[in-house]
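Biologist: Please take a close look at the largest pocket and at the aromatic rings, and tell me what each is made of.

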Amino acid sequence: AVSWRTMREAIITQLSHAVAMALVDIITVPWWWYVSGFPRLLRWAGQTFRGWERAVGFLFWAKHLFVPMFGQTDWQSRIISVVMRLLLLVGRLIQVLIGAIVVLVVITAYILLPPLIIVQLLRSLIPFIGI
């Protein structure tokens, strides 16, 4: 039979270990967030932006700006091809810029999230502390 004293000591040991591990996690999260997590975020951002550009095809259309459409090589067809592709290129550039803005917003939010959480926690604790 297990005594109550032994059980109580085991529970206290387990709880103190859990609290210590939680404190270590809380202290090391900012380190991980900015030192380990931020490079991962930058890799994700680069891959996402490259994928977005490939999906839109901006560089492909830019390379083929002066290639005549439908194989028409007379000067009127070349002018029409350049104007049409230029309009398409502007639209695709806008799409790429929107993708870049989305990626930059995510990066900015990632950088600002921990300080904002800390500030909000402190603001919510101030009435209880009496400051």
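Modeller: The pocket comes before the rings in what follows. This is a predicted model, in which local features need pLDDT of at least 70 and side-chain atom pairs count only at pLDDT 80 or more, while totals for chains, interfaces and linings use all residues. Residues are numbered from 1 along each chain as its sequence is written, and side-chain values use heavy atoms, with hydrogens and water left out.

The largest pocket has a volume of about 210 Å³; a pocket is an open set of points on a 1 Å grid over the protein atoms alone, where a 1.4 Å probe fits, with protein on both sides within 12 Å along at least five of seven lines, and lining residues have an atom within 4 Å of a point. Its lining consists of Ile26, Val29, Pro30, Trp33, Leu113, Pro114, Ile117, Ile118 and Leu121, which by class makes 9 nonpolar, no polar and no charged residues. Helices α1 (4-56) and α3 (75-129) each supply at least two of the lining residues, and the largest share, 5 residues, comes from α3.

As for the rings, the count comes to 3 aromatic pairs, where ring centres must lie within 6.5 Å and planes under 30 degrees apart count as stacked. Tryptophan 33 and tyrosine 110 form a stacked pair, at 4.3 Å centre to centre and 10 degrees between the planes. Tryptophan 33 lies in helix α1 and tyrosine 110 in helix α3, so this pair ties together parts that are 77 residues apart in sequence. Tyrosine 110 is buried, with a relative accessible area of 14% (buried means under 20%, with a 1.4 Å probe and protein chains only). Ring pairs link Trp32, Trp33, Phe38 and Tyr110 into a cluster.

Definitions and conventions:
Points joined across faces, edges and corners; volume = space filled by probe spheres on them. Helix = DSSP H or I, 4+ residues; strand = E, 2+ residues; numbered from the N terminus. Nonpolar A, V, L, I, M, F, W, Y, C, P; charged D, E, K, R; others polar. Phe/Tyr/Trp six-rings, centres within 6.5 Å; stacked < 30°, edge-to-face > 60°. Buried < 20%, exposed > 50% of the residue type's maximum accessible area, 1.4 Å probe, protein only.
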